[in-house]
Amino acid sequence: MPAGHVSRVRALYRRILLLHRGLPPDLKALGDQYVKDEFRRHKTVGSDEAQRFLQEWEVYAAVLWQQTNENRQNSTERVCFGVALPEEKLNDFRDEQIGQLQELMQEATKPNRQFSIPESRKPEF
């Protein structure tokens with residue numbers, strides 16, 4: 001793989017993980033794990049699939065950047081992340097991708113937290 005491609009992938013990966021810092025803790029944990037798994041899973045794909053993969057994650061990063069900035073500016077309103085997925089995009093997904101999407105949706109909408117995130121506490125004396 002060309003060095004330019006590798007550095008582009010690494011920069012995007014780091015950018016996404018930095019953007020996740022603006023998410024609520026449980027969404028950050030879920031998002032970080034999903035990104036790590038997806039980038040690892042796509043390490044050895046062909047150049048066409050790699051290009052499409054990067055384009056989609058760049059769009060995700062741009063949307064997340066915009067939404068985190070909007071949420072910072074409108075701190076009194078309810079925090080909202082994500083966008084609707086158009087049906088024509090869903091039609092392009094393979095069965096495996098549809099399954100992953102369903103699993104991700106179930107994790108993201110669980111009423112009980114999946115991840116154990118310790119709250120920072122003041123020491124008691």
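1. His42, contacts. Setting aside residues up to four places away in sequence, His42 touches Glu49 and Phe53. The model in which these contacts occur is a predicted one. His42 is placed in the loop between α2 and α3. Its relative accessibility is 17%, so His42 counts as buried, the cut-off for that class being under 20%. A polar atom of the His42 side chain lies 2.9 Å from the backbone oxygen of Glu38.

2. Glu38. The partner of His42 in that approach, Glu38, belongs to helix α2. Glu38 has 7% relative accessibility and therefore counts as buried. Its side chain makes a polar contact of 3.2 Å with the side chain of Gln100. When neighbours within four places in sequence are left aside, Glu38 is in contact with Phe53, Trp57 and Gln100. Phe53 is thus a residue to examine from two sides, because it is in contact with Glu38 and is touched by His42, contact meaning heavy atoms within 4.5 Å. Glu38 and Phe53 are 15 residues apart along the chain, and their C-alpha atoms are separated by 9.4 Å.

3. His20. A second histidine deserves separate comment: His20 lies in the loop between α1 and α2. Is His20 buried or exposed? At 0% relative accessibility, His20 counts as buried. The side chains of His20 and Asp32 are joined by a polar contact of 2.7 Å. Apart from residues up to four places away in sequence, His20 touches Lys28, Gly31, Asp32, Val35, Tyr60 and Leu64.

4. Leu19. Next to this loop residue in the numbering, Leu19 has its place in helix α1. With 12% relative accessibility, Leu19 counts as buried. Its contacts, leaving aside neighbours within four places in sequence, are with Ala61, Leu64, Trp65 and Thr68. Leu64 appears here among the contacts of Leu19 and also among the residues that His20 touches. For the pair Leu19 and Ala61, the separation is 42 residues in sequence and 7.4 Å in space, C-alpha to C-alpha.

5. Ile98. In helix α5 the residue to note is Ile98. Which accessibility class does Ile98 fall into? Its relative accessibility is 27%, so Ile98 counts as partly exposed; that class covers values between the buried limit of under 20% and the exposed limit of over 50%. Beyond neighbours within four places in sequence, Ile98 is in contact with Leu90 and Phe93.

6. Largest pocket. The largest pocket holds about 1,800 Å³ of space. It is lined by 48 residues, of which Tyr34, Trp57, Tyr60, Leu101 and Leu104 are the closest to its centre. Two of these names recur from the points above: Trp57 is in contact with Glu38, and Tyr60 is touched by His20. Helices α2 (25-41), α3 (47-73) and α5 (95-108) each supply at least two lining residues. Which element gives the most to this lining? The answer is α3, with 10 residues. By class, the lining of the largest pocket divides into 25 nonpolar, 10 polar and 13 charged residues.

7. Second largest pocket. About 360 Å³ of space lies in the second largest pocket. Fifteen is the size of its lining, written as 15 residues, and the closest to its centre are Val9, Arg10, Phe39, Arg40 and Lys43. The elements that give two or more residues to this lining are α1 (3-19), α2 and α3. Here α1 gives the most, with 6 residues. The lining of the second largest pocket has 8 nonpolar, 2 polar and 5 charged residues.

8. The chain as a whole. The protein chain has 5 helices and 0 strands, and from the N terminus on its elements run α-α-α-α-α. Of its 125 residues, 20% count as buried. Among contacts between residues at least 6 apart in sequence, 56% join residues at least 24 apart. The accessible surface of the protein chain comes to about 9,900 Å², and carbon and sulfur atoms account for 51% of that area.

Notes:
Residues numbered from 1 in each chain as written. Predicted model: local features only at pLDDT ≥ 70, side-chain atom pairs only at ≥ 80, totals over all residues. Heavy atoms only, no water. 1 Å grid on protein atoms, 1.4 Å probe; cavity = no way out; pocket = protein on both sides within 12 Å on 5 of 7 lines; lining within 4 Å. Points joined across faces, edges and corners; volume = space filled by probe spheres on them. Helix = DSSP H or I, 4+ residues; strand = E, 2+ residues; numbered from the N terminus. Nonpolar A, V, L, I, M, F, W, Y, C, P; charged D, E, K, R; others polar. Buried < 20%, exposed > 50% of the residue type's maximum accessible area, 1.4 Å probe, protein only. Polar contact = N/O pair within 3.5 Å; in protein donor to acceptor, adjacent residues only side chain to side chain. Areas by Shrake-Rupley, 256 points an atom, 1.4 Å probe, with all protein chains shown as cover.
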